[in-house]
Amino acid sequence: MVEEETLSKASRSFRFAGVIVSAIKKLSRSAVSVEGEEKLRANPTLFVVNHFTRFETGLLLHILYKHNGQMAHSLADSGLFKGKFGQYLESVGAHPIDMPGRDEKMISELMKGSHNWVIFPEGSMIKNKKVMHDGRLQLHLEDKISAPHTGASVLALKTFLMKEQYKRAIADNDEQLINYYQDTYALRGPGDLAVLDLCIVPVNITYYPLRPGKNLLSTGVQLLVKDLAPKLEEELLVEGKILLQESDISISFGHPIDVRSFSKPYRRLFSLIKPFISPATKMNWMMKLMRHRLTNKFMGRVYTRLSINMDHIVATALRYIPAQGVTEVDFKKIIYLACLKIKKQNHRRVHRSIRDGIINLVADEEYGPYNSIMKLAIDESVVVLESGRLLVDHESIQVPQPFHRMRLDNTTSVLANEFEVMKWAVKIIKKLAKASPEKLSLQVAEAVIERDVALYEDERMRSYVENESKSREVGKPVFMAGEKEKVGIVLVHGFLASPGELLQLAKHLNQQGYGVYIVRLTGHGTHATELKTVTLKCWQESVKRGYAVLSHYHSKVVLAGFSAGALLALIQGALGLPKVNAIIAINPALTLCQKSAKLSPMLERWNRLLKGLSVEAGSLPYIENEAQFPDTNYDKIYVAGLARLLELQECCRERLALIEVPLLVIQAEDDPVVEPSSAKEVVDKASSLCKSLEYLQLQHHVIVRDEGSIETFQLIDPFIASL
C-alpha cells in the first residue's frame with residue numbers, strides 16, 4: 001500500500017509555541033533524548049503515553065513536530081482552558097478533556113488522518129508510578145486500585161471499525177448509514193478517509209535523576225503567591241527540579257500496534273455469527289472482548305519501554321536486602337553485577353549511569369550516580385549506614401505513601417515502583433541479593449575478566465588488519481590464579497606495547513604463588529590506529545579492572561607497571577585504595593629522552609584542523625617506530641596517542657605526593673627512551689615512608705623481558721617478599 005501523508009501542517013500558533021519551547025529548553029539544564037523515531041509511520045497514529053508530569057503534553061507534541069513538521073492533537077486538564085490561555089492552548093493542538101463532541105472529533109481526525117492524537121491512557125498523573133499489583137497491571141491511584149482505563153483502546157477500535165463500516169455502507173449503497181457517519185464524523189465521502197490504517201504507538205518517558213526539591217521556579221512562584229495549594233507546591237518542587245537541574249528526559253517510541261492486524265481474529269470470529277446479531281450489537285460485543293486485551297498490550301509496552309538507570313537498580317535492590325542488612329561493599333557488588341547482567345540481556349536501552357564508570361563500584365572508588373541515589377535513600381530514611389553496613393526500613397520502601405506526597409517524601413520507592421514492570425530484571429536483582437559474600441566476590445572477579453576480554457575482542461575485531469594486528473597470545477589481558485593468602489600483583493605494560501610484554505615477569509611471579517593480572521591498556525594489543533581515539537580515562541579504567549579482579553581474590557594487592565604503565569600504577573596507588581599494599585615502578589616514563597614528543601599536542605590540534613577542513617595534505621597522523629620487540633609493540637606512533645602519554649605524565653606528577661604505600665622504583669641507567677632522572681623525581685616526590693630507588697647498569701629500555709630481565713626480577717622478588 002502506498003504511504004500517503006494526510007496529516008495537516010502545523011499552524012502558525014503551533015510553530016510560534018515551538019519557538020517558545022526551544023527557548024525554554026535552552027534555559028533548562030535538561031537534555032532530551034529520543035529513541036525509536038524510525039518506528040514512526042505515515043499512518044494515522046494514536047500515541048499512548050505514561051503520565052508523570054504536566055509538561056509532557058507540550059514536550060511530546062513538539063518532539064513529533066520536529067520529526068515530521070506536522071501538528072498532533074492532545075487532551076489536557078479542563079481547568080487550564082480559561083480566557084486567553086485556554087484559547088492559546090486550543091490553537092496549539094490541545095483540547096479539554098470534557099470538550100463537547102470530544103470522541104467524535106478524535107475519531108473523525110483519525111479516520112481522515114488529518115491529525116494524530118496523543119493520549120495519556122492512565123487518565124491522570126501516576127505520581128507513585130505504582131502500576132503493578134499481584135503481578136498484573138493495576139494502577140494505584142489516589143483513592144483506589146484499578147485496571148488501566150480502556151478509553152484509548154475503545155477510541156482506536158471504534159475508529160477502525162467505524163471506518164470499515166462506513167466503507168461497507170458506501171459499497172452497499174446504504175444511504176441511512178452513510179448519512180449517519182458523514183453527519184457524525186464530518187465526512188464528505190470516501191475521499192476523506194486516510195488510505196492507511198490506524199496504528200497505536202506506545203511511548204515511554206523516563207526521567208533521570210529524579211531529585212525533587214527547591215528550585216528557581218518553585219521559589220519564584222512562592223514569592224508571588226502566598227498560601228500556595230499543597231498539590232501545586234508539590235508539582236513545582238518535583239517538575240521544576242526536573243526542568244532546571246541537569247536531568248535526562250528519555251522518550252522512547254515502541255513498536256506500532258496495527259489495529260487491523262490485532263482485531264483480525266476477533267472480526268473473523270464474529271463474522272461467523274453475523275446473521276444472528278445487528279451490526280451495532282456486533283461492534284459492542286467485539287469491543288468488550290478486545291478493549292482490555294488491547295489496553296494491556298499497549299500499556300505493557302508503554303511501561304517496559306523505560307530507559308534503565310542506576311536509580312532503578314539501586315532502589316529495587318534495597319527492597320530485597322535482608323532484614324539483618326548487608327555490608328555496603330557487598331551491596332555495591334550486587335549493583336555492579338546487576339548492571340552487567342541487565343546490559344547483557346539487551347532487552348532495553350540502558351542509561352549512561354550504568355554504562356560509564358561502573359567499574360568504580362568494585363574497585364574501591366567513588367561512583368557519582370550510585371552515591372547520588374544512596375544519598376537520596378538515606379535522606380528519606382529508607383536506609384541507614386551503620387559501621388559500613390546498610391540497614392533498610394522495608395516498611396518505608398514497600399508501604400504506599402500519601403499519593404500527592406509520594407514524589408516528595410519517598411522518591412526512592414517511586415523509582416522502585418517504576419521498575420517493577422521489568423520482571424526479568426527484578427528477578428536478576430532478587431537472585432543476586434540472596435547470594436553469599438563469597439559467591440558475590442567470585443562472580444565479580446569472573447565478570448570483570450569476562451568484560452575485559454570482551455572489550456579486547458571488540459576492539460580487535462573493529463580494527464583488525466591481516467599481518468598488522470597483534471596476535472591474541474600477546475594482545476589479550478592475562479589472569480593467572482595464585483594462592484589467596486599471598487598478594488595479588490597487577491602488571492601494567494608500556495605505551496605502544498601489549499600484555500605480552502610482561503608475560504615473562506607474570507610467569508616468574510606466578511610460579512612463586514602470587515596471583516597475577518596483566519592489564520591490557522585500551523588501544524593496545526590490537527592495531528595502532530586504535531591510539532587515534534584513546535583517552536587517559538580509558539587507560540585508567542583498564543588498570544581499575546585489573547585491581548578489581550585481584551582485590552576480589554586477595555586481601556592485598558601490589559600495583560606494578562613498566563614505562564607508561566608505571567605512571568598508571570602510581571596514579572592508581574595514589575588513590576589510597578584499601579587493598580593496595582605497595583607499588584613497583586620500572587623505568588617510569590615521567591620524562592622522555594625524545595624532546596620532540598612535546599610537540600604532539602600541537603600536531604594533534606593541527607591534524608584536527610585539517611580534518612575539519614577535509615584537507616589531507618599536510619597532516620601527520622603518525623610517525624614510524626622501530627620497536628625493540630615488534631611482536632608485542634606497534635611500529636607506528638599515532639600523534640593523538642602520544643598526546644595522551646604527555647597528559648598521563650602531567651597527571652602522574654600531580655599525584656605523586658599522595659603516594660604513601662611502600663614504593664620500589666627500578667631504572668636502567670642508560671635508558672634510551674626514558675630520562676633516568678624520572679625515577680629520582682618519582683622517589684623524591686612520593687610521600688612513602690618506605691621507598692627505594694634501584695639502578696641497573698643496562699643500556700636498553702625494555703628490561704622486563706629477555707636481556708636484563710633477570711636483574712629486574714631479582715630486585716622485585718625480595719621487595720614483594722618483605723611486604
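## Exercises on charges and a hairpin

K341 lies in helix α12, which spans residues 328-345. The model is predicted.

**Exercise 1.** Which residues form a positive surface patch with K341?

*Solution.* Start with exposure. K341 has a relative accessible area of 34%, so this lysine counts as partly exposed. A patch residue needs over 30% relative accessible area and no salt bridge. The partners of K341 in the positive patch are K427, K431 and K439.

**Exercise 2.** Find the salt-bridge partner of K333 and place the pair in helix α12.

*Solution.* The partner is D330, with the closest N and O atoms 3.1 Å apart. Next, the spacing: K333 and D330 are 3 residues apart in helix α12, so about one helical turn separates them. Now the cover: K333 and D330 are both buried. Elsewhere, shared salt-bridge partners link K127, E234, E235, E239 and R407 into one network. The structure holds 36 salt bridges.

**Exercise 3.** In the salt bridge of D192 and R188, is each residue buried or exposed?

*Solution.* First, the contact: the closest N and O atoms of D192 and R188 are 3.3 Å apart. D192 has 17% relative accessibility. Buried means under 20%, so D192 is buried. R188 has a relative accessible area of 73% and is exposed.

**Exercise 4.** Describe the pairing of strands β14 and β15.

*Solution.* Take the strands: β14 covers residues 383-386 and β15 covers residues 389-392. They run antiparallel, joined by 4 bridges. Across the pair, L385 stands opposite L390 of β15. Then the turn: 2 residues lie between the strands of this hairpin, and S387 takes a positive phi near 50°.

Methods
Residues are numbered from 1 along each chain as its sequence is written. This is a predicted model: local features need pLDDT of at least 70, side-chain atom pairs count only at pLDDT 80 or more; totals for chains, interfaces and linings use all residues. Side-chain values use heavy atoms; hydrogens and water are left out. Patches are made of residues with over 30% relative accessible area and no salt bridge: like charges are joined within 9 Å, nonpolar side chains (Val, Leu, Ile, Met, Phe, Trp, Tyr) within 5 Å. Accessible areas come from the Shrake-Rupley method with a 1.4 Å probe; for residues, only the protein chains shown count as cover. A salt bridge is a side-chain nitrogen of Lys or Arg within 4 Å of a carboxyl oxygen of Asp or Glu. Lys and Arg count as positive and Asp and Glu as negative; His and the chain ends are not counted. The place of a charge is taken as NZ of Lys, CZ of Arg, CG of Asp or CD of Glu. Buried means under 20% relative accessible area, exposed over 50%, partly exposed in between (1.4 Å probe, protein chains only). Two strands pair if DSSP finds at least two bridges between them.
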